[in-house]
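Biologist: Can you pull up the model? I have a few questions.

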Amino acid sequence: MLIELERRKQPSRTMLYLTPVIAVVATMLAGAVIFTLIGHDGFAAVGKIFFGPLLDPNKWQDLGVKAAPLILIAVGLAIGFRANVWNIGAEGQYVLGGLAGTGVALLTWGMEGWWILPLMCLAGVAGGMAWAAVPALLRTRVNVNEILSSLMLTYVAVQLLYYLMRGPWKDPDGFNFPQSRMFTDWQLLPTVVPGTVVHLGVPIAFVVALAVWFVMARTVFGFRIKVVGAAPAAARYGGFDAKRTVWAALLCGGGLAGFAGVLEAAGPFGQMVPQFPVGYGFTAIIVAFLGRLHPVGIVFAGIVLAVSYVGGEMAQSSIGLPNAATGVFQAMMLFFLLAADVLVRYRIRLGRTTAQGEGA
Amino acid sequence: MTGEGPYRIELEGITKAFPGVLANDHVSFRVRAGQIHALLGENGAGKSTLVKMIYGILQPDAGRILWEGSPVAMPNPKAARRMGVGMVFQHFSLFEAMTVLENIALGMDGAISQSALEARVRAVLHEYGLKLDPHRVVSTLSVGERQRIEIVRALLLNPRLLIMDEPTSVLTPQEVTQLFDTLRQLAATGCSILYISHKLHEIRELCDEATILRGGKVVASCDPRRETPRSMAEMMIGGSLKQVAKPKERRPGEEKLAVEGLVLPGEGAFGVSLDDVGFAVRAGEIFGIAGVAGNGQNELSMALSGERPAASAGAIRLGGKAIGVMNANQRRALGLCAVPEERNGHGAVADFTLAENVVLTARNRMGLTGAGGIIDAGAAAAYAARVIDTFGVKATGADALASSLSGGNLQKFIMGREILQQPEVLVVSQPTWGVDAGAAAAIHQALVDLAASGSAIVVISQDLDELLAICDRMAVINEGRLSRTLNVGEASIDEIGLLMGGVHGDPFATAELSEAAHAH
């Protein structure tokens, strides 16, 4: 007896859009069962994590703040994934964006002017791009797999952060804590909704998602990305250069991750600290796939993952669920999504062996 | 041999379905001992599926197979071979770096000593008058010789039914004649042959009976010797065939495309390098490039289209302008359009709509993009609709996915997309490969009409009949080198065939290569 996967002729369109929902529901059910088995009240935990943040209006602002970097990074990654460029080092690019923004903030410390914040943002984008340029160069020049190079650079970025925090960028008035100076008012993102923590980065993330949607759907640039990903030979025939596309895909992903980094530094953190890398760059990969690599889908997926972060924190304080539970739920979501995708594209057949092409 | 003798194999109501298609629908036919039986049909008619079931690679969903009168199951190819079924596939599975004998030994079901095997191989070669040196390295052999290895492999099993899947698509005319002699000799010993092809004159020449498949069903059977190629083609497509109207006299104009000293290294381990290729095509002219598959056609097509730029700009000139190092997009802007051999994933993107697929190559010439690189979706849909309309493409509309079109319709769409751009020069590879006879005639007519309107056309094809029908002049490509140019009216099939064989026709050259390989 063999389990065979047989390709479906035409995967159902409805199912393609429905799989993310199925994955989320399956995650809730499986999570409830698992946490019950290990001695928690599993169903209460799932309720707290997935519905708590939605039912409590006080938590909505947190959702926006958590979703913003996830959405920004994920739309950038989705551009690359569409072109079959697998940048999974967004976490490192995010850190570099934050560091570059911090660098500008430290240089302009004590200065005043509206130009400081835009300059920090530009530096952040450039920092993320620079970090992504390394895998791009290696891939296009010496054919190094970008999955490995981008991932490994993440650890380099984190070590660079630790070095700067403990050494050159340590706050001189900070009682020897390994962290940078607090940013000044000219270096901090303004809040857009008075009385909340919702900073300017939140609406920016939504606007960027819409802009990327337009670029991907309506421009030759987006067309090129999609053709290179779907059919490299057709791309060459259409006059699209594969190497330039690899560069463009990595720079877009790195730039947006860097942008998210500087917005986090100048927003929720308000300074640079060793705890800056919180895993947004990795979680954004889940967001990108859960959102079907479509900017609008990514906005919704970003909110779903933000719910799991905020809900996870709530469950920690109210029912004593471990912090790692959030990660478990997020990973299950990706697992169920990929599994559901396989079933949408293939049907399972229990069949006998067939000797394909034997003796040909 | 027809009309008498017992049946070797009988198929009764064989049905096989794949997701979304019924590949074989209650197919029944019988082959007598010693008969050469043709299985005729267009691509996708279900011929390959059917023979895969006879050879045990696939299992029928319904129906039964009778072998010499009694029902049998063919669970796998090994069982089929034991029963006496041999098969020669269209694509060979040979190791290039090994000798003929080593390759044959690898394909044997049981263990046998090298010397015993060699003796048997030599006996088979002698019996059928086949020329093949068992110690030659495969990479030094021509395609015809490689096919002989596969035939010897099958003959060593003393088959009582030999299946030949499109055996002549890679052979020169001389090699085809040799193959037919072998097959006739084999049939005379009582072996039945199931011969799959869509080349009608070959079937007339060789076969005693033909079963014609269309859409997975048997639609007719006939004695090919009493039919004309045209009448069989009409049975195959189920309609009447239009003749290509070629203008009586074409007056070529100024030179549009000039290729001189074109050199291009082959891609991958078995890519073919182009070596000093040169030819010129004038306005209003169709220039053919013949050759056996895998002799540099793909490389030439990519070099001309701009997918693989040449080393020097002057190697390719378009209306006098050096375009050798430009990419496909730049060449298209200057008026050189191209159609690659492979439709899915090269000429078109399967998961894209037809409207998106016109953006792939027509975005600049047809003004499908506006300021800032924004795609004008309306203009793209309108152009796709115009292509569909003008070329009679069977599609639900501009928003149909390319993957939803049949091979022939997608080819018509791709050809139409390029032709309606009014190119100065059009380079097409295998324009009617895998396309039904009706669509092929329409494509030929479109090429002839485009030339009449003043464009220069290059057709790269392995189908000699096609080139002879539509071209004015032609050359033959062999191992990346192009022969001298022949006028189609004056060239003989024999001469073209010899050029197609190229260096492979020269026994001394190949023997030297073999010795060199052995010396290592």
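Biologist: Which strands does helix 9 of chain B lie across?

Modeller: Helix 9 (residues 297-305) of chain B lies across strand 11, strand 12 and strand 14 of chain B. Its angle to strand 12 of chain B is about 60 degrees. Axes are lines fitted to C-alpha atoms, for helices over the stretch in contact, and angles run from 0 to 180 degrees between N-to-C directions. Helices (H or I, at least four residues) and strands (E, at least two) are DSSP runs, numbered from the N terminus.

Biologist: Predicted or not, and how is it numbered?

Modeller: This is a predicted model; local features need pLDDT of at least 70, side-chain atom pairs count only at pLDDT 80 or more, and totals for chains, interfaces and linings use all residues. Residues are numbered from 1 along each chain as its sequence is written, and chains are lettered from A and ligands numbered from 1 in the order in which they are written.

Biologist: What is the strand order in that sheet?

Modeller: The order is 12-11-14-15 in chain B, an open sheet with antiparallel pairing. Strands pair if DSSP finds at least two bridges between them. Strand 12 (274-282) and strand 15 (321-322) of chain B are the edges, each pairing on one side only.

Biologist: How many bridges join strand 11 to strand 14 of chain B?

Modeller: 3 bridges. Val259(B) stands opposite Ile316(B) there.

Biologist: Switching topic, how many residues of chain A are in contact with chain B?

Modeller: 25 residues of chain A, with 32 of chain B; contact means C-beta atoms, placed from the backbone, within 7 Å. The largest share of chain A's side, 5 residues, comes from helix 8 of chain A.

Terms used: Contact = placed C-beta atoms within 7 Å.
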